[in-house]
Structure formats: C-alpha cells, structure tokens
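This report describes selected features of a protein model. Please consult the sequence and the structure shown below while reading.

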Amino acid sequence: MSLPLPLPTIDPDTQPFWDGARRGALLIQRCRDCGRPQFFPRPRCVRCGGSIAWIEASGEGRVYSYTVVHRAPHESLVPLVPYVVALVDLAEGVRMMSRVRAADSGVVQIGAAVRVAFERVSDEVTLPLFEVVGP
Ligand SMILES: [Zn+2]
C-alpha cells in the first residue's frame with residue numbers, strides 16, 4: 001500500500017507558476033522596476049519592492065549541488081529511491097531545488113548541464129524536474 005504524494009499548496013502567488021508547468025513552461029518572476037529575476041514566487045521584488053512579471057525560463061541550467069536520497073522521507077517516495085535532489089542554477093540567474101530524473105544517480109554531478117522536464121501528478125499539479133543533458 002502506498003500513500004499519495006503530498007502535493008504543493010497552490011495560492012494566488014504561485015498559481016501562474018503551476019499554470020505554466022501544466023502547459024510545459026517553467027515560469028519565474030522578473031522585477032518590472034529593477035529587472036532582477038526571482039524564484040520562488042513572491043508578491044513583490046525582494047530587492048526593491050517593485051511589482052513582478054512572469055517570464056518563461058529557458059529550462060536550461062547547471063547543477064550547483066545535489067544529494068542522493070536513499071531513505072524516502074515519505075512512503076509515497078519509496079518507489080523512487082534512490083533519487084537525486086539538486087539545487088539547479090537556471091541560465092536566467094535563479095536557483096531552484098528540484099528532483100533530477102536519472103536512471104543512474106551517478107550521472108548527476110556538480111556542474112552538470114540539465115534541462116527541465118515535467119511530470120504530471122494530478123489534474124492541478126505538474127511538477128518541474130530536471131534531466132542531465134551534458135557534463
Ligand atoms: Zn526590483
């Protein structure tokens with residue numbers, strides 16, 4: 001018996017992000033005033049307090065750091081073990097934490113080139129994750 005995967009709570013600040021993921025687009029925020037990119041989603045720019053716009057990220061990035069999870073923190077994740085959780089630096093200049101999908105966790109290395117992929121887990125939630133595309 002397995003439990004359902006705990007899913008993120010979608011609120012007005014994050015709704016555009018999840019709407020984007022459902023159609024296969026990785027959305028981040030950019031300040032309309034100072035131009036700074038921002039992730040995770042927040043109602044205002046954390047640097048200058050300016051209003052934010054949503055932009056589609058390229059989905060290209062590099063692994064800043066990672067860990068291989070051998071002991072699932074939730075029963076629903078047991079079938080995935082071992083799996084990789086990484087901090088990914090997107091080309092646009094923000095860092096996000098995500099799973100890296102890999103048949104062999106050994107292919108994930110610091111500095112590896114990754115590209116976003118999407119995994120639909122419910123009607124509302126499609127999770128962005130990454131795949132290794134180069135050294
Ligand atoms: Zn700003």
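The sections below describe a helix, a barrel, two peptide bonds and one strand residue in this predicted model.

## Helix H1 and its packing

Helix H1 spans residues 15–22, and its buried residues are Phe-17, Gly-20 and Ala-21. These residues lie on the same side of H1, because the arc they cover around the axis is only 100°. The partners against which the buried residues of H1 pack are four strands: S1 (27–31), S3 (52–56), S7 (113–120) and S8 (126–134).

After H1 comes Gly-24, which has a positive phi, near 80°. For context, a negative phi is found in most residues other than glycine.

## The barrel

A barrel is closed by five strands, in the order S4-S5-S6-S8-S7, with mixed pairing. From one strand to the next, the twist averages 50°. Strands S7 and S8 thus appear in two settings: they belong to the barrel, and the buried residues of H1 pack against them.

Within the barrel order, S4 is next to S5. Strand S4 comprises residues 60–69 and strand S5 comprises residues 83–90; the two pair in the antiparallel sense over eight bridges. Arg-62 has Asp-89, in S5, as its bridge partner.

## Two cis peptide bonds

Most peptide bonds are trans. The model nevertheless contains a cis peptide bond from Phe-39 to Phe-40, with omega near 10°. Phe-40 is located in the loop that lies between strand S2 (37–38) and S3.

A cis peptide bond also runs from Val-81 to Pro-82, where omega is near -5°. Pro-82 is part of the loop between S4 and S5, and these two strands are paired in the antiparallel sense.

## The surroundings of Ala-113

Ala-113 belongs to strand S7, one of the strands of the barrel. Is Ala-113 buried or exposed? Neither term applies: Ala-113 counts as partly exposed because it has 14 C-beta neighbours inside 10 Å, whereas a buried residue requires 20 or more and an exposed residue has 12 or fewer.

Which residues does Ala-113 touch, if those up to four places away in sequence are not counted? They are Arg-62, Val-133, Gly-134 and Pro-135. Between Ala-113 and Arg-62, the C-alpha atoms are separated by 4.6 Å, although the two residues are 51 residues apart along the chain. Arg-62 therefore has two partners described here: Asp-89 as its bridge partner in S5, and Ala-113 as a contact.

Conventions:
Residues numbered from 1 in each chain as written. Predicted model: local features only at pLDDT ≥ 70, side-chain atom pairs only at ≥ 80, totals over all residues. Arc of directions from axis to C-beta. Contact = placed C-beta atoms within 7 Å. Pairing = 2+ DSSP bridges. Axes fitted to C-alpha atoms, helices over the stretch in contact; angles between N-to-C directions.
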